[in-house]
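Subject: Structure handover

Hello,

Here is the structure we spoke about, with its sequence. My notes on it follow below.

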Amino acid sequence: MEGTPFKEGLFTWPLAAGDQPYILGNQCRSCRKIFFPKAAICPDCLVEDKLQELKLSPRGKLYTFTIVRVPSPGFKVPYAFGYIDLPEGLRVCSQISAPEPLEKNLELGLDMELTIGQVREEAGKPIIGYLFRPVKK
Ligand SMILES: [Zn+2]
């Protein structure tokens with residue numbers, strides 16, 4: 001897949017064919033709290049040298065979502081974004097990849113899985129990011 005990641009270090013990139021993608025958070029070695037996106041300093045322990053990178057679970061449940069129908073530069077409408085609850089106890093904001101009609105193919109509590117793909121376009125070039133999509137039954 002060609003493209004530029006919209007932020008370095010947010011997810012595993014580049015990927016070889018068949019690689020399981022992950023979003024990358026970090027964890028405080030002192031209190032074990034997990035952050036996504038990565039925290040620079042643990043807000044509880046106020047330490048920065050104790051955070052270690054962590055691959056987060058690529059599966060979760062759809063907590064809520066909305067469908068965007070108003071065009072904005074670089075985005076193809078309609079598209080969905082929402083919050084995914086991960087088993088680690090994190091709620092992650094993500095663009096959602098699902099077949100249309102989106103309102104018929106998305107529902108709260110749905111099992112979702114991580115994928116890496118185009119999230120928008122900038123000057124005609126694909127910008128790559130993480131998305132969650134419904135797990136195929
Ligand atoms: Zn901590």
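The model is predicted, with a mean pLDDT of 94 for the protein chain, and 100% of the residues are at 70 or more. By element, the mean is lowest in strand 1 (residues 4-5), at 92, and highest in strand 5, at 98.

Overall fold. The protein chain contains nine strands and one helix. Read from the N terminus, the order is β-β-β-β-β-β-β-α-β-β. The radius of gyration is 16 Å against the 14 Å that the globule rule gives for 137 residues, so the chain is as compact as a globular protein of that length. The C-alpha trace spans about 45 × 35 × 30 Å along its principal axes. Buried residues are 24% of the 137. Of the contacts with a separation of 6 or more, 48% are between residues 24 or more positions apart.

Core. The largest nonpolar core has 22 residues, and the members that touch the most others are Ile 23, Leu 62, Ile 84, Ile 96, Leu 106, Tyr 130 and Phe 132. Two or more residues each come from strand 5 (59-68), strand 6 (79-85), strand 7 (91-96), strand 8 (111-122) and strand 9 (125-134). Beyond its neighbours within four places in sequence, Ile 23 has contacts that include Leu 10, Phe 36, Val 92 and Tyr 130.

Sheet. One open sheet consists of three strands in the order 3-2-4, with antiparallel pairing. Strand 3 (34-35) and strand 4 (51-55) are at the edges and have a single partner strand each, so one side of each lacks a neighbour in the sheet. Strand 2 (residues 24-28) pairs with strand 4 over five bridges; Cys 28 has Leu 51 of strand 4 as its bridge partner.

Backbone geometry to check in your setup. There is a cis peptide bond between Phe 36 and Pro 37, with omega about -10°; Pro 37 is in the loop between strand 3 and strand 4. Another cis peptide bond runs from Val 77 to Pro 78, with omega near -5°, and Pro 78 lies in the loop between strand 5 and strand 6.

Two residues other than glycine with positive phi should also be listed. Leu 46 has phi near 55° and is found in the loop between strand 3 and strand 4. Leu 46 is exposed, with 8 other C-beta atoms within 10 Å. Ala 123, with phi of about 50°, belongs to the loop between strand 8 and strand 9. Ala 123 is exposed too, with 6 other C-beta atoms within 10 Å.

Regards

Note on methods
Residues are numbered from 1 along each chain as its sequence is written. This is a predicted model: local features need pLDDT of at least 70, side-chain atom pairs count only at pLDDT 80 or more; totals for chains, interfaces and linings use all residues. A nonpolar core is a set of buried Ala, Val, Leu, Ile, Met, Phe, Trp, Tyr and Cys residues joined through C-beta atoms within 7 Å. A residue is buried if 20 or more other C-beta atoms lie within 10 Å of its own, exposed if 12 or fewer, and partly exposed in between; C-beta atoms are placed from the backbone. Helices (H or I, at least four residues) and strands (E, at least two) are DSSP runs, numbered from the N terminus. Two residues are in contact if their C-beta atoms, placed from the backbone, lie within 7 Å. The radius of gyration is taken over C-alpha atoms; the globule rule is 2.2 Å times the number of residues to the power 0.38. Two strands pair if DSSP finds at least two bridges between them. pLDDT is the predictor's confidence in each residue, from 0 to 100.
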